[in-house]
Amino acid sequence: MAEPELRTSPLHAEHERLGARFAPFGGWSMPLEYTGAGVLAEHTAVRTQVGVFDVSHLGKVRVRGSGAVALLDRCLTNDLGRIGAGQAQYTLLCTEDGGVVDDLIVYRHGDDDLLLVPNAANTAAVVQVLRGSAAGGAVEVVDQHTDLAVLAVQGTRSDEVLSTAGLPVGHDYMSFVPAELEGVGLTVCRTGYTGERGYELVVPARDAVAVWQRLREAGEPYGLQPAGLAARDTLRTEMGYPLHGHELGPEITPVQAGLGWAVGWDKPEFLGHRALREEKERGPARRLRGLLARGRGIPRPGMRVLADGRDVGEVTSGTFSPTLKSGIALALLDPAVTPDTEVEVQVRRRSEPFVVVKPPFVRPSTREH
């Protein structure tokens, strides 16, 4: 059977002109890194100046109609009562046994109008669950996956870039405002996946090229660097941010992943609430921890972790940290393995020393004003 054709971003031709190296990601062909820069340079640009990512592969799901907030509150883990119009919230959609269908951001435009941004590969599953829950009611669940593009401007100079482009800046973390850029209506969100101060722009797909070009022009005095998904992964790993398929999934619950803060425990119900309450009460069988290399070992997903010769878990994400110049990992471990414990990771045919730490590995600056 032939593989399904990969989708491409509305900015695909722009990336080709920049010499991007592409890779499949969630059913899309997306830039991994750019010629003349590469992962280390792109990562460093975001940490020290500013980078711009095309993350248009992310899903976009509009939930509209009378009772939209109530519907989502019955489905998603977090409590939408914690935020109002113009605010965003990290949350999860779980199965009845507590596994994670996906983690996502909800943008609350109003009581009857919300935008969900799930992961690319899970968008169809999220839409299916929500439509099933909305069946027979007044709420409409619309898949806008290819109608909208998302551009992420991330880094210490992100405010300068957006301001130069003529866009609003300075609003609170996890909030968003409507804006216009040379006649293009868009949304400027104070969100991101890098741990740095930054913004994500939700733009009509047909206008994505014009917005991308304006951002690059505005960002030139500030060293704006186009960055690919490889740098996005090293940046999010340094922050300890979970990625579905690694730190989250059908067999990995929010309790195990340390995401209890994204669960509205006081809500009467949400999908998977019984299983998650029971797991919280008894304690999870494994917990997500960070691992920091004592030597030169670079961990990778699937590698086993040993403590005193005993297998205590496995690496879920592992990489070389360009900021720390060291190997780092996220790992699901036996809950008895606590921070400051010395462990070994089986890197190929040798054991490499690591210490268990509590992420993030690098101080986040997302909330700085």
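In this predicted model, helix α7 hands the second largest pocket seven of its lining residues, the largest share from any element. That pocket has a volume of about 460 Å³ and a lining of 29 residues. Closest to its centre sit Phe25, Asp233, Arg236, Leu243 and His246. Besides α7, the strands β2 (20–25), β3 (28–34) and β17 (310–321) each chip in at least two lining residues. Sorted by class, the lining comes out as 14 nonpolar, 11 polar and four charged residues.

Helix α7, spanning 229–239, turns up again in the largest pocket, where at least two of its residues belong to the lining. The strands β6 (87–94), β7 (100–110), β13 (198–204) and β15 (287–293) each do likewise. This pocket has a volume of about 1300 Å³, and 49 residues line it. Tyr90, Tyr173, Tyr241, Pro242 and Trp261 are the ones nearest the centre. As for chemistry, 28 of the lining residues are nonpolar, 12 are polar and nine are charged.

What about space that is closed off? Rolling a probe the size of a water molecule over the atoms shows where empty space is left. Here the search gives one cavity of 30 Å³ or more, and the largest cavity holds about 40 Å³ of space. Its lining includes a run of neighbours in the numbering, Arg190, Thr191, Gly192 and Tyr193, along with Gly195, Glu196, Arg197 and Gly198. Gln154, Tyr173 and Thr366 complete the list. Tyr173 is thus a familiar name, being also among the residues nearest the centre of the largest pocket. The cavity lining splits into two nonpolar, six polar and three charged residues.

Note on methods. Residues numbered from 1 in each chain as written. Predicted model: local features only at pLDDT ≥ 70, side-chain atom pairs only at ≥ 80, totals over all residues. Heavy atoms only, no water. 1 Å grid on protein atoms, 1.4 Å probe; cavity = no way out; pocket = protein on both sides within 12 Å on 5 of 7 lines; lining within 4 Å. Points joined across faces, edges and corners; volume = space filled by probe spheres on them. Helix = DSSP H or I, 4+ residues; strand = E, 2+ residues; numbered from the N terminus. Nonpolar A, V, L, I, M, F, W, Y, C, P; charged D, E, K, R; others polar.
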